[in-house]
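Work through these exercises with the model open beside you. Try each task before reading its solution.

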Amino acid sequence: METSQDLSAPSPLLLVQDVTKQFLGLKAVDSVSLSVSKGEIVSIIGPNGAGKTTFFNLLTGQLQPTHGQINFDGKTINSLGAHERARLGMGRTFQISKPLIALNVLENVMIGAFMRESNMERAKEKAISLLRKVGLLQLAPVKAGDLTLSQRRRLEVARALALDPQIMLLDEVMAGLNQSEVSQSIDLLNQLHSEGQTFLIIEHNLKVVRAFSQRVIVLDRGCLIAQGSASEILNSPKVITAYLGEGHKWKRS
């Protein structure tokens, strides 16, 4: 297990170097460096308050870093807004689903499609195709505000896919789902990955992390404290201590 990643790897899709975000006296993200290559599935884990969502907000432009540099697809993007990063190919879901509840499911996805497609009919065709992919086509005319939590999570994925993203950043996309819904979500993401999609995922369900991730990154109090395979990370005393405190072990089921 390594505590820092080799940043000399050729042409990473996403390269983060010494990124810090400070709010007055609090460093929510503290000198984090990492890279994600095309085709990877990378999970970010850490206890509550570790800085995971703040880090995502720095990547996608909701926040600007206090220090450090973010490169995406060979370009420095520190000064770009969220919509500009989306145009470059960053798709994002949020910890709390934020559909446009007054619009129906199809219209929600079409709005994402308009980022790439100005023609109404082609945007509609694209949205229909994506709803079919995520299993929501039959709900296309339903108001987004009437969806279940699981359906809203899938709608968020479809909206992100409508941007034709090079990378998808998923913030606890499986939070609140039951075991069957989690399994269905894993199947969907594995399908998208088999089609070439790159993922950076914040996830609290450690069973999902073990089953799903190629590489796991651990944040604690804003710092990157470990990274490696899921097996290495979830058996690391440092990681267990960060989550549970000294002298604890994971409960096995």
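## Exercise 1: The cavity

The largest cavity is lined by Arg 153, Arg 154, Val 157, Val 173, Ser 185, Leu 188 and Leu 189. The model is a predicted one: local features need pLDDT of at least 70, side-chain atom pairs count only at pLDDT 80 or more, and totals for chains, interfaces and linings use all residues. Residues are numbered from 1 along each chain as its sequence is written, and side-chain values use heavy atoms, with hydrogens and water left out.

**Task.** Find which elements give two or more residues to the lining of the largest cavity, then sort the lining by class.

**Solution.**

Step 1. Fix the terms. On a 1 Å grid over the protein atoms alone, a cavity is a set of points where a 1.4 Å probe fits but cannot get out; lining residues have an atom within 4 Å of a point. Grid points are joined across faces, edges and corners, and a volume is the space filled by probe spheres set on the points.

Step 2. Count. There is 1 cavity of 30 Å³ or more. The largest cavity holds about 50 Å³ of space.

Step 3. Assign elements. Helices (H or I, at least four residues) and strands (E, at least two) are DSSP runs, numbered from the N terminus. α5 and α6 each give two or more residues to this lining.

Step 4. Sort by class. Ala, Val, Leu, Ile, Met, Phe, Trp, Tyr, Cys and Pro count as nonpolar; Asp, Glu, Lys and Arg as charged; the others, Gly among them, as polar. The lining divides into 4 nonpolar, 1 polar and 2 charged residues.

## Exercise 2: The pocket

**Task.** Which residues lie nearest the centre of the largest pocket, and which element supplies the largest share of its lining?

**Solution.**

Step 1. Define it. A pocket is an open set of grid points with protein on both sides within 12 Å along at least five of seven lines. The largest pocket has a volume of about 430 Å³.

Step 2. Locate the centre. Of the 20 lining residues, Ala 86, Arg 92, Phe 94, Arg 159 and Leu 163 lie nearest to it.

Step 3. Assign elements. α2 (82-88), β6 (90-92), α3 and α5 each give two or more residues. The largest share, 4 residues, comes from α2.

Step 4. Sort by class. The pocket lining has 9 nonpolar, 6 polar and 5 charged residues.

## Exercise 3: Core and helix α3

**Task.** Is Leu 106 buried or exposed, and what does Leu 106 touch?

**Solution.**

Step 1. Place the residue. Leu 106 sits in helix α3.

Step 2. Apply the cut-offs. Buried means under 20% relative accessible area, exposed over 50%, partly exposed in between (1.4 Å probe, protein chains only). Leu 106 has 12%, so Leu 106 is buried.

Step 3. List contacts (heavy atoms within 4.5 Å). Neighbours within four places in sequence aside, Leu 106 contacts Lys 124, Ala 127, Ile 128, Leu 131 and Ala 140.

Step 4. Widen to the helix. In α3, 7 of 9 residues are buried. Among them are Asn 108, Val 109 and Gly 112. The cover over the buried residues includes α4 and α5.

Step 5. Widen to the core. A nonpolar core is a set of buried Ala, Val, Leu, Ile, Met, Phe, Trp, Tyr and Cys residues joined through side-chain atoms within 4.5 Å. The largest has 36 residues; Val 109, Leu 131, Val 157, Met 174, Leu 189 and Phe 199 have the most contacts inside it. A second, separate core has 26 residues, including Leu 14 and Ile 167.

## Exercise 4: The sheet

**Task.** In what order do the 4 strands of the open sheet lie, and which strands are at the edges?

**Solution.**

Step 1. Set the rule. Two strands pair if DSSP finds at least two bridges between them.

Step 2. Count bridges. β1 (residues 14-23) and β2 (residues 26-36) run antiparallel, joined by 7 bridges. β1 and β4 (residues 67-72) are antiparallel too, with 5 bridges. β4 and β5 pair in the antiparallel sense over 2 bridges.

Step 3. Read the order. It is β2-β1-β4-β5. The edge strands are β2 and β5 (75-76), each pairing on one side only.

Step 4. Check partners. Leu 14 bridges to Val 36 in β2. Gln 17 bridges to Gln 69 in β4. Asn 71 stands opposite Thr 76 in β5.

Step 5. Inspect the turns. The β1 and β2 hairpin has 2 residues between its strands, and Leu 24 in the turn has a positive phi of about 50°. The hairpin of β4 and β5 also has 2 residues between the strands; there Asp 73 takes a positive phi near 55°.
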